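Here is a friendly walk through one model, from its ligand to its sheet and its domains. Please keep the viewer open as you read.

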Amino acid sequence: SSGEGESYLARLNPEQRTAIETTDGSLLVLAGAGTGKTRVLTTRFAHILLTGRAKPWQILAVTFTNKAAREMRERIGFILGEPAEGLWLGTFHALCARMLRRHAEYVGLTHSFTILDTDDQLRLLKQVMEPWRIDIKRWPAPGLLGVIQRWKDRGLTPERVTDTEDSDFADGHARAIYAAYQTRLRQLNACDFGDLMLHVTEILRTRPDVLDQYHRLFRYILVDEYQDTNTVQYLWLRLLAKRSGAPSNICCVGDDDQSIYSWRGAEVENILRFEKDFPGAQIVRLERNYRSTQHILGAAAGLIAHNGERLGKTLRSGKEDARGEKVTVTGVWDSDAEARAVCDAAEKFKAQGHSLAEMAILVRAGFQTRAFEERLVQIGLPYRIVGGLRFYERAEIRDALAYMRAVHQPADDLAFERIINTPKRGVGPAALQKFHAAARAREVPLSAGTQALLTEGGVKGKMADQVRKLLDVLSTTRDILAREGHVVAVEHLLEESGYLDMWRNDRSPEAPGRLENLKELVRALADFGTLGEFLEHVALVMEHDENAGEAKLSLMTLHGAKGLEFDIVFLPGWEEGVFPSQRTLDEGGLKGLEEERRLAYVGITRARKHALIYHAGSRRIYANWQPSMPSRFLDELPEEHVARQNEGATQRRGLNLSDSVFEGGMPLTSRRRQDPLLAETTPAFQLGDHVRHPRFGVGIIIGADRHHLEVVFESGDTKRLLSSFIEKL
Ligand code: ATP
Ligand code: MG
C-alpha cells in the first residue's frame with residue numbers, strides 16, 4: 001500500500017532515496033562503512049515489490065554470508081509486513097547450487113550430484129595424479145588443488161587455461177591433471193565447491209536458451225559487498241545482467257576500502273570496471289555515516305588515509321550531535337593481562353546497563369580467541385563464537401587433545417580411535433575392526449590390543465609399519481613426559497606423529513590458521529603444571545554450556561565481522577606480527593599491508609559508540625615470553641580522536657621491555673618474530689643463525705636436516721632439536 005511505501009522511504013536521506021528510486025538501469029553505490037549500503041539494498045528490494053515492478057522470485061539478491069541473507073530476508077519481511085518466500089536470495093554459492101541442480105545435465109551431472117568436501121577432493125586428486133608419476137614431494141596434491149581452485153575462482157575450465165597459465169606447476173602437467181580431475185568428478189556425479197560457480201557460469205556462457213530463461217526470470221539484480229567478488233562471480237553477474245534489448249537492472253553496493261578477501265581471489269578491480277561493463281551506469285555516493293560517533297569515524301578515516309590505492313570517498317558523521325568518546329588505545333603488560341583487561345571492561349559496560357549482545361571482541365586470527373574464552377568462562381560472561389567454533393571445539397584442537405589423552409590415559413579408546421588414522425595411516429574400517437577384536441579378545445584397551453596384534457604379525461605391510469610408529473611415538477612421549485615435562489613431550493608428540501606435517505602439507509586457506517591454533521594450544525599448556533591438570537581444565541572449559549536465550553558477547557575474526565555493527569567493539573592484539581600479521585610482514589609487499597589496513601578500518605567502523613584497541617607488551621611463544629611491538633597502525637590513528645593509556649606495556653614502538661621479560665638484552669629491533677610452526681614453509685634458518693630454545697637458551701646453528709637443527713648452546717652442549725620449536729634471534 002502507499003502508506004507503507006511512504007514510511008519506508010521517509011527513513012532515508014536524499015542520496016539513499018536516489019539510489020532506491022533509480023530502480024531501472026545499472027547502478028553502483030560506492031560508499032564508506034556504515035553509510036547505509038546494505039539498508040539501501042534491502043529497501044530497494046522492498047521498493048521493487050511494493051511498486052509492483054517484479055514478483056519476489058524475479059529478484060536476484062546476493063549477500064556475502066548466509067547470516068546476511070537471513071537478516072536481509074527478515075528485514076524485507078518486516079517492510080512488507082509478511083514473511084518473504086520463494087526468494088532468490090543468498091550467497092553466490094547457495095544461489096549457484098540451486099541453479100546447478102536445475103541444469104546439471106549440461107555439465108554431465110544429474111540433479112542429485114554430491115558436493116565433495118576437501119578430504120574427498122584431495123583423495124580424488126591423488127588418484128587422478130598417479131599416472132603422471134609426479135614427484136609429489138615437490139608438487140604435493142594439496143598445492144595442486146590450490147592451483148585448480150584459483151583457476152576455478154577465475155572462471156577457467158581446463159579448456160580455458162592457456163599455455164602460459166600452465167607453465168611450471170607439476171612439471172607442466174597441471175592443466176592435464178585438472179582436466180582428468182574434472183572428468184573423474186563427472187564420473188562420480190560429484191562436484192567440488194568451486195565447481196558450483198564454474199559450472200553454472202559455463203552453462204550460461206554456452207547455452208543461450210538457459211541464459212535467456214534467467215534473463216526473463218530475473219528483472220532485478222542486487223549485490224552486497226561487491227568489492228569482494230572474484231572473477232568467476234563477476235562473470236556470472238555480468239552474464240545474468242546483460243540482457244539484449246533490455247536494460248541491465250543491476251545494483252551493486254560496495255566499498256573499496258573494505259576489500260579484504262584478495263587471498264581468496266577477490267578482485268577489487270571489479271568495482272572499477274563497473275562503468276565500462278554497463279555503459280550509462282549511474283554512480284551514487286553516500287557520505288553520511290549513521291553508525292558511528294565522530295571520534296570513531298575520525299580515527300578510521302585517519303587510518304585508511306595511509307593507503308595509497310583508493311577511489312577516495314568522503315565520510316561525514318550523520319550523527320552531528322554525537323562526538324562521543326575517543327577511541328581508546330590501551331597498552332597492557334602481556335597477552336594474559338590483555339584478556340583480563342578486555343573482559344573486565346566488558347563486565348563494566350554490562351554493569352552500566354549495556355547488553356552483552358551489543359559487544360564484540362574482534363580478533364585478527366582465530367588462535368587469539370582462546371585467551372578470551374578462558375577468561376570469559378572464568379568470570380561467567382556468556383559469549384558466542386560467530387562464524388566458527390569455540391577454540392577447544394576446533395577439529396585440529398580436538399585431534400591434538402586426543403593425542404594428549406592417548407598419552408595420558410592409555411585406556412582412552414575414543415582418543416586412540418580418533419588419532420589412529422589422523423593423519424592417514426591407511427587404517428580402514430576393516431583394519432580398525434581387527435584392532436577392536438584383538439583388544440576385546442585380550443580384554444585390554446584398544447591401543448594395547450593394536451600393539452599385541454602388530455607384535456604377533458596379525459596385520460602387515462605399510463599400514464602396520466605406520467601404526468607401529470604411532471605406538472612408538474606415544475610411548476617415547478610418555479618417557480619424555482616423565483623426564484622433561486609436558487611441554488617438551490607434547491611438542492615431540494605432535495611433531496613425530498606426523499600430525500603437524502599433515503597441516504603443513506595442507507595448502508587449503510585454513511591450514512595456516514590451524515597451525516596457529518595448535519601453537520596457541522601448546523602455549524596454553526605451559527600455564528599448567530602437568531598434562532593431567534591441563535586436560536582436566538579443558539574438560540571444564542568445554543563443559544560450560546550455552547544458555548540459548550540469554551544475551552551473549554560476540555567473539556569473531558575481523559573478516560567475519562564484515563557488514564555487522566555493535567555498540568562496543570574491542571580490538572585486541574594490535575601488535576606487529578599479530579596485526580598486521582606475520583605472514584604479511586614476511587611477504588613484505590605493500591599490497592598485503594594495505595589489505596591489513598583495510599581490515600583495521602573494517603574493525604574500527606563496526607563500532608557505534610565505543611571502540612577499544614589493545615596491544616600487549618609481550619606474548620608467549622611456546623614456553624617463553626617474547627616482546628612484541630605495538631602495531632604500526634596505532635601510530636596512524638589521528639591524535640585528536642584517540643585517548644592512549646598504559647597499563648604496563650611500553651607505549652611507543654621500538655622501546656624495549658624490562659630485562660626481566662627479556663634477559664638477552666639485545667636491541668628489540670634486531671629480532672624478527674618467527675612463527676615456529678610455519679618454519680617449514682618459510683625456510684627461515686641458516687647455518688650460523690643465532691637462535692633460542694625454550695629449554696636450552698641461546699645458541700648457534702651448526703647443522704640441519706628437514707626437521708632437526710643442530711645447535712651449539714652457550715653451555716657448550718650441542719643438541720639435535722626439532723626446528724619447529726626453535727626461535728630465530
Ligand atoms: P558496511 O559498509 O559496514 O556494510 P553499510 O554501508 O552497509 O555498512 P548499513 O549497515 O546499511 O551500512 O547501515 C549502517 C547503520 O546505519 C544501520 O544501523 C542502519 O540501520 C543505519 N542507517 C542507514 N541509513 C540510515 C538513515 N537514513 N537514517 C538513520 N539510520 C540509518
Ligand atoms: Mg553493509
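Let's begin at the ligand. Ligand 1 is surrounded by 18 residues, and the closest are Gly36, Lys37, Thr38, Arg39 and Tyr290. Keep in mind that this is a predicted model. By class, the shell around ligand 1 holds 4 nonpolar, 8 polar and 6 charged residues. Which element gives the most to this shell? Helix H3, covering residues 37–50, does so with 3 residues.

Next comes the sheet. Its 6 strands form an open sheet in the order S3-S2-S6-S7-S1-S8, and the pairing is parallel. At the edges sit strand S3 (88–91) and strand S8 (282–286), each of which pairs on one side only. From one strand to the next, the twist averages 15°.

Strand S2 is a good place to zoom in. Is S2 largely enclosed or open to the outside? S2 is largely enclosed by the rest of the structure, because 5 of its 5 residues are buried. In a regular strand, side chains alternate between the two faces of the sheet. In S2, Ile59, Ala61 and Thr63 point one way, while Leu60 and Val62 point the other way, and all are buried.

S2 has a parallel partner in S6 (residues 220–223), to which 4 bridges join it. S2 also runs parallel to S3, again with 4 bridges between the two. The residue pairs below can be picked out in your viewer.

| Residue in S2 | Opposite residue | Strand of the opposite residue |
|---|---|---|
| Leu60 | Ile221 | S6 |
| Val62 | Val223 | S6 |
| Leu60 | Trp88 | S3 |

Leu60 therefore appears twice, standing opposite Ile221 in S6 and opposite Trp88 in S3.

A helix also packs here: helix H12 (residues 231–241) lies across S2, S6 and strand S7 (250–254). Relative to S6, H12 runs at about 155°.

Finally, let's step back to the whole chain. The domain assignment gives domain 1 (2–99 + 198–286), domain 2 (114–188), domain 3 (296–382 + 546–653), domain 4 (393–529) and domain 5 (676–728). How far apart are the centres of domain 1 and domain 3, taken over C-alpha atoms? The separation of these centres is 31 Å. The contact takes 16 residues from domain 1 and 15 residues from domain 3. On the side of domain 1 that touches domain 3, there are 6 nonpolar, 6 polar and 4 charged residues.

Notes. Residues are numbered from 1 along each chain as its sequence is written. Chains are lettered from A and ligands numbered from 1 in the order in which they are written. This is a predicted model: local features need pLDDT of at least 70, side-chain atom pairs count only at pLDDT 80 or more; totals for chains, interfaces and linings use all residues. Two strands pair if DSSP finds at least two bridges between them. Axes are lines fitted to C-alpha atoms, for helices over the stretch in contact, and angles run from 0 to 180 degrees between N-to-C directions. Two residues are in contact if their C-beta atoms, placed from the backbone, lie within 7 Å. A residue is near a molecule or strand if its C-beta atom, placed from the backbone, lies within 6 Å of it. Ala, Val, Leu, Ile, Met, Phe, Trp, Tyr, Cys and Pro count as nonpolar, Asp, Glu, Lys and Arg as charged, and the others, Gly among them, as polar. Domain bounds come from an automatic or database domain assignment. A residue is buried if 20 or more other C-beta atoms lie within 10 Å of its own, exposed if 12 or fewer, and partly exposed in between; C-beta atoms are placed from the backbone.
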